[in-house]
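Trainee: Please take the salt bridges as a single part and give me a close look. I would like their partners, their places and the helices around them, in one connected account.

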Amino acid sequence: MVYYLLTNTKQSLVRKLYLVLSLFWTIAIHVLCLMDLSDVNTVKRVRIPHADKIVHLLMYTILSFLWGMVLLRTHFFKEVNHIILIMSFVIFGLAIEILQGYGGFNRSFEWQDIVANTIGVIIGYFICLKILNFKPHKS
């Protein structure tokens, strides 16, 4: 499907850009979430409570939004229930959390991250729908 979207000459340049950004963002989430952060020097700054949960929420909001801008315009997703799109990103986040906890990446499994990921997916999905369904007012 990715190959088709990139090589199809009927696809707009903007849509292809969203696809490339979506692929990049998905890979970035994989790398950042599975990277061993124990060696990273910590700088003492202003502590923000639950900052990592905010980061998870933002990462998955962007992920859902970008992929939504690509997939919700295709003929396939116009016919399929959008719940599949949402659930695929929730499962993606769950899989990464499981890998963090049990994959030997020196990371930990946290339910709160899954909740933040899920909320981010839903927010990104609704932002995407709002933009795709936006119709400017005619004066």
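Mentor: Salt bridges and their helices

The chain holds 6 helices and 0 strands. Helices here are DSSP runs of H or I with at least four residues, strands are runs of E with at least two, and both are numbered from the N terminus. Along the sequence, the pattern reads α-α-α-α-α-α. The model is predicted: local features need pLDDT of at least 70, side-chain atom pairs count only at pLDDT 80 or more, and totals for chains, interfaces and linings use all residues. Residues are numbered from 1 along each chain as its sequence is written, and side-chain values use heavy atoms, with hydrogens and water left out.

Start with the level of burial. Of the 139 residues in the chain, 35% count as buried (under 20% relative accessible area; exposed is over 50%, partly exposed is in between; 1.4 Å probe, protein chains only).

Now the charges. Side chains of opposite charge can pair when their charged atoms come close. How many salt bridges does a search of the whole structure find? The search gives 3, each a side-chain nitrogen of Lys or Arg within 4 Å of a carboxyl oxygen of Asp or Glu. Lys-53 is the residue to follow through them.

Take Asp-52 as a partner. Its side chain meets that of Lys-53 in a salt bridge of 2.6 Å, N to O. Asp-52 is partly exposed, at 37% relative accessibility. Lys-53 is buried, with a relative accessible area of 15%.

Next comes Glu-110. The side chains of Lys-53 and Glu-110 form a salt bridge at 2.5 Å, N to O. Lys-53 lies in helix 3, while Glu-110 sits in the loop between helix 5 and helix 6, so this pair ties together parts that are 57 residues apart in sequence. Glu-110 counts as partly exposed, at 25% relative accessibility.

Then Asp-113. Its salt bridge with Lys-53 spans 2.9 Å, N to O. This pair links distant parts of the chain: Lys-53 is in helix 3, Asp-113 is in helix 6, and their positions lie 60 residues apart in sequence. Lys-53 and Asp-113 are both buried. Put the bridges together: through shared partners, Asp-52, Lys-53, Glu-110 and Asp-113 join into one network.

Look next at how the helices pack. Helix 3 covers residues 51-71 and helix 5 covers residues 82-102. Their axes come within 11 Å and cross at roughly 140°. Axes are lines fitted to C-alpha atoms, for helices over the stretch in contact, with angles from 0 to 180 degrees between N-to-C directions. Helix 3 and helix 5 are therefore oblique to each other. The classes are roughly parallel under 35 degrees, roughly antiparallel over 145, roughly perpendicular from 65 to 115, and oblique for the rest. Helix 3 passes helix 5 in a right-handed crossing. Right-handed is the clockwise case; left-handed has the near helix turned anticlockwise from the far one by less than a right angle.

Helix 5 also packs against helix 6, at about 150° and with axes 9 Å apart. That makes helix 5 roughly antiparallel to helix 6. Helix 5 passes helix 6 in a right-handed crossing too.

Some C-alpha pairs put distances on this arrangement. Met-87 lies in helix 5 and is partly exposed, at 41% relative accessible area. Met-87 and Val-121 are 34 residues apart in sequence, yet 8.9 Å apart in space, C-alpha to C-alpha. Ile-122 belongs to helix 6. Ile-122 is partly exposed, at 35% relative accessibility. From Ile-122 to Val-90 the sequence gap is 32 residues, and the C-alpha distance is 9.2 Å.

Ile-123 is in helix 6 as well. Ile-123 and Leu-58 are 65 residues apart in sequence and 9.3 Å apart in space, C-alpha to C-alpha. Ile-123 is partly exposed, with 34% relative accessible area.

Finish on the surface. Val-115, Ile-119, Ile-123, Ile-127 and Ile-131 make a nonpolar patch of about 390 Å². Patch residues have over 30% relative accessible area and no salt bridge; nonpolar side chains (Val, Leu, Ile, Met, Phe, Trp, Tyr) are joined within 5 Å, like charges within 9 Å. Areas use the Shrake-Rupley method with a 1.4 Å probe, and for residues only the protein chains shown count as cover. One of the patch members, Ile-127, is in helix 6, residues 111-132. Ile-127 is partly exposed, at 39% relative accessible area.
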